[in-house]
Amino acid sequence: MFKRKLLTMVTVTATVMSLLAGCSGPSKETNTNGDAASGTQKESTESSEAGGGGEFSYPMTSGKTLTYWTGLNGNVSANFSNLGDTPFAKAWMEQTGVQIEFQHPPAGQDQEQFSLLLADGNLPDMIEYPWMTYPGGPEKAISDNAIIPLNDVFEKYCPNLMAYLKANPDIDKMIKTDDGNYYVFPFIRGDESLCNTIGLMLRQDWLKELNLEVPTTIEEWHTVLTKFKEEKGATSPFTFEYTMPVLTEENPFAYAYNTSKTFYLNSDGKVHFGAVEDGYKQFLTTFAQWYKEGLIDQDLATLGKDQVSAEMTNGSSGATIGWAGSTMGVLIAAATATDPNYMLQAAPVPTLKKGDFPEMGQIENRYPNQGGVAITTSCKDIETAARLLDYAYSDTGHMLFNFGVEGESYTMVDGYPTYTDKVMKNADGWPLAQSLSAYIRGNYNGPFVQDKRYLEQYYTIDTQKEANPIWGKHNGKAHKIPPITPTSEESQEMSVIMNEINTYRDEMALKFIFGEESLDKFDDYVKTIEGMGLDRALEIENAALERYNSR
């Protein structure tokens, strides 16, 4: 009965989601506190009591093998069929003394395979997954007997993570359920500079040639895009990967009107839904006008990564939205092979008035729920699993996860962990992202604290290094909803409501932009969304927010 109900519940909710981590004495391993990501790690004297006495140290000598289920990152799968084959994983196993049998779902089938895995009930020891997306939230995963609460586990076996949480109470709050249960060994952005990752970029060489400044207002953007079209022959001056949901949700041009296409935290401390607000209408009006003028890619609705890359490197487009690494860095590398003058420049979130400070903008929570490891109810050796995972939050584990093995993938230069040529100039010609992924997990998350010094080296071009600070100049943190969790019943209700609302909103947004529907009908569009249960969705969101604030 449990399996049938769970399979039905998870499968249905997975559709919605696609639209939307045993005992010894005092540890000899030191702990990392909140300063670890900035390179100022400190030691903690916290220890764990052993059931049979004696001291605990790494590597463990149990000779145990644990199973670990996780999706295989694309930068890893380009060169390895299993995470266990990478130098990183081999070093992790060697340093902890635990053998890990990694299990990976087929590429692109993470959610489907996760659902089937849970329905089967024969779980691996550990599952890495964005647990906030579990139907009903992490507390439901516990009550479904899929994963275990980790409060006692953390206290007994995880001095490193506990020291970090004690030093960072804001993170501690994020990785608990409303009932106060820890449920995950979390991925944590170790510094706020790692939280601004998406933004606008445009052709710096074209700006110089046309004697134009980096645009900071909607009006200046209109001028720049018009010049790109008229004087540089760009057929699609502005283009972006519209089929990537996060990029449509984090559209800086919408932020210019102090709104979002989805839920956000308003200045009144309540959750609002931006897509029904007047600011969103103004954004759609602007985009509709730009589309009509040929300033926006006419194939907007179907644009994928390959199309955007081609247009941004062949001169068809001059501006886009993306990441400093996987977008800006990749585009520059590809284009300069034939055009040495090609260069991209980050642009800030635009405003309506010159000199205004942007109120909204893209930012992640420091616990962004991009991957954390839970221990399942099938695990027979909870202590070993916990010790294995806690290692990542120790000083030496922190260095392994972010920089790899000293003397191989990095060396210390004046106290700074510096990647070696083995990583930065891969002998096999691997792109830097792939080379890094073989030795570290710093560039694709996991159960550890991400170090900003990784990013300082991942960005090799000056304009890349300047991007995140430029994109981070806004008050978006005040409007970011924390990792709230609706109850199981609320989650099911929310899924039904928002699936219908989001589908309708996205269909109408394109119709408005393409001129297929007049924006004079925006009020009718709002009434339709309200009729789909928006008030109830907001009630659920704000109730979950109130519970979070009370943790």
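Over which residues does pLDDT stay under 50? Select residues 1-53: pLDDT, the predictor's confidence in each residue from 0 to 100, stays under 50 there. Where pLDDT is low, the predicted coordinates should not be read in detail. The protein as a whole averages a pLDDT of 90, and 90% of the residues score at least 70.

This is a predicted model, in which local features need pLDDT of at least 70 and side-chain atom pairs count only at 80 or more, while totals for chains, interfaces and linings use all residues. Residues are numbered from 1 along each chain as its sequence is written, and side-chain values use heavy atoms, without hydrogens and water.

Next, select Trp92, Trp131, Phe154, Phe185, Phe238, Phe273 and Tyr525. They have the most contacts inside the largest nonpolar core, which has 164 residues. Such a core is a set of buried (under 20% relative accessible area, 1.4 Å probe, protein chains only) Ala, Val, Leu, Ile, Met, Phe, Trp, Tyr and Cys residues joined through side-chain atoms within 4.5 Å. Now show helix α22 (residues 488-514), which gives this core 10 residues, the most of any contributor; helices are DSSP runs of H or I with at least four residues, numbered from the N terminus.

Stay with Trp92 for a moment. Beyond four places in sequence, its contacts (heavy atoms within 4.5 Å) include Tyr68, Ile100 and Leu388.

Finally, go to Asn151, in helix α6 (residues 151-157). Asn151 counts as partly exposed (20% to 50%) because its relative accessibility is 23%. Outside its neighbours up to four places away, Asn151 touches Gly180, Asn181 and Tyr182.

Key: Helix = DSSP H or I, 4+ residues; strand = E, 2+ residues; numbered from the N terminus.
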